[in-house]
Amino acid sequence: MDSLERELLSTLMKQVHLLERKVDFLLQHLHLEYQEEEPGLMVRPQIEALLKQGKQIEAIKLYRLETGLGLKEAKDAIEKIDKELKGKR
């Protein structure tokens, strides 16, 4: 990494830190509490539909696209969701 890249990275890190402080301030000011959503929660209905159709690979691809997780993590998550679904049937 050359000095220009290091400088850019340092600037970006400072900007992220500043944004985090601003968000924290706003949450405190508005008396709100931030709760992180479960990864993939927004695509859960589509994933369940794919799994019910037996399309596990497509479900993994969609989950990875939505969450940014790696293949192993996404596969594990989809298998867990699939197991939960099969328990409901």
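Arg44, in this predicted model, touches Glu38, Ile81 and Glu84 once its neighbours within four places in sequence are left aside. The residue lies in helix α2, and with a relative accessible area of 17% Arg44 falls under the 20% limit, so it counts as buried. With one of these partners the contact is polar, since the side chains of Arg44 and Glu84 are joined by a polar contact of 3.0 Å.

Arg44 also belongs to a wider contact between two helices. Two packed helices are described by the angle between their axes and by the distance between those axes. For helix α2, which covers residues 44-52, and α4, the angle is about 70 degrees and the axes are 10 Å apart. Angles from 65 to 115 degrees count as roughly perpendicular, and α2 is therefore roughly perpendicular to α4. On the α2 side the contact is made by Arg44, Ile47, Glu48, Leu51 and Lys52, while α4 contributes Ile78, Ile81, Asp82, Glu84 and Leu85. Sorted by class, this contact of α2 with α4 holds five nonpolar and five charged residues, and no polar ones.

Helix α4, spanning residues 71-88, packs on helix α3 as well, which runs over residues 56-67; here the angle is about 120 degrees and the axes lie 9 Å apart. Because the range for roughly perpendicular ends at 115 degrees and roughly antiparallel begins over 145, α3 and α4 are oblique to each other. The crossing in which α3 passes α4 is right-handed. From α3, the residues that take part are Gln56, Ala59, Ile60, Tyr63 and Arg64, and they meet Leu71, Ala74, Lys75, Ala77, Ile78, Glu79, Ile81 and Asp82 in α4. By class, the contact of α3 with α4 comprises eight nonpolar residues, one polar residue and four charged residues. Ile78, Ile81 and Asp82 of α4 are listed in the contact with α3, and these residues are listed in the contact with α2 too.

A last feature lies outside these helix contacts, in the loop between α1 (3-29) and α2, where His31 has its place. Most residues other than glycine have a negative phi. His31, although it is not a glycine, has a positive phi of about 55 degrees. With a relative accessible area of 73%, His31 is exposed, whereas Arg44 in helix α2 is buried.

Methods
Residues numbered from 1 in each chain as written. Predicted model: local features only at pLDDT ≥ 70, side-chain atom pairs only at ≥ 80, totals over all residues. Heavy atoms only, no water. Axes fitted to C-alpha atoms, helices over the stretch in contact; angles between N-to-C directions. Helix = DSSP H or I, 4+ residues; strand = E, 2+ residues; numbered from the N terminus. Parallel < 35°, antiparallel > 145°, perpendicular 65-115°, else oblique. Left-handed = near helix turned anticlockwise from the far one by under 90°. Contact = heavy atoms within 4.5 Å. Nonpolar A, V, L, I, M, F, W, Y, C, P; charged D, E, K, R; others polar. Buried < 20%, exposed > 50% of the residue type's maximum accessible area, 1.4 Å probe, protein only. Polar contact = N/O pair within 3.5 Å; in protein donor to acceptor, adjacent residues only side chain to side chain.
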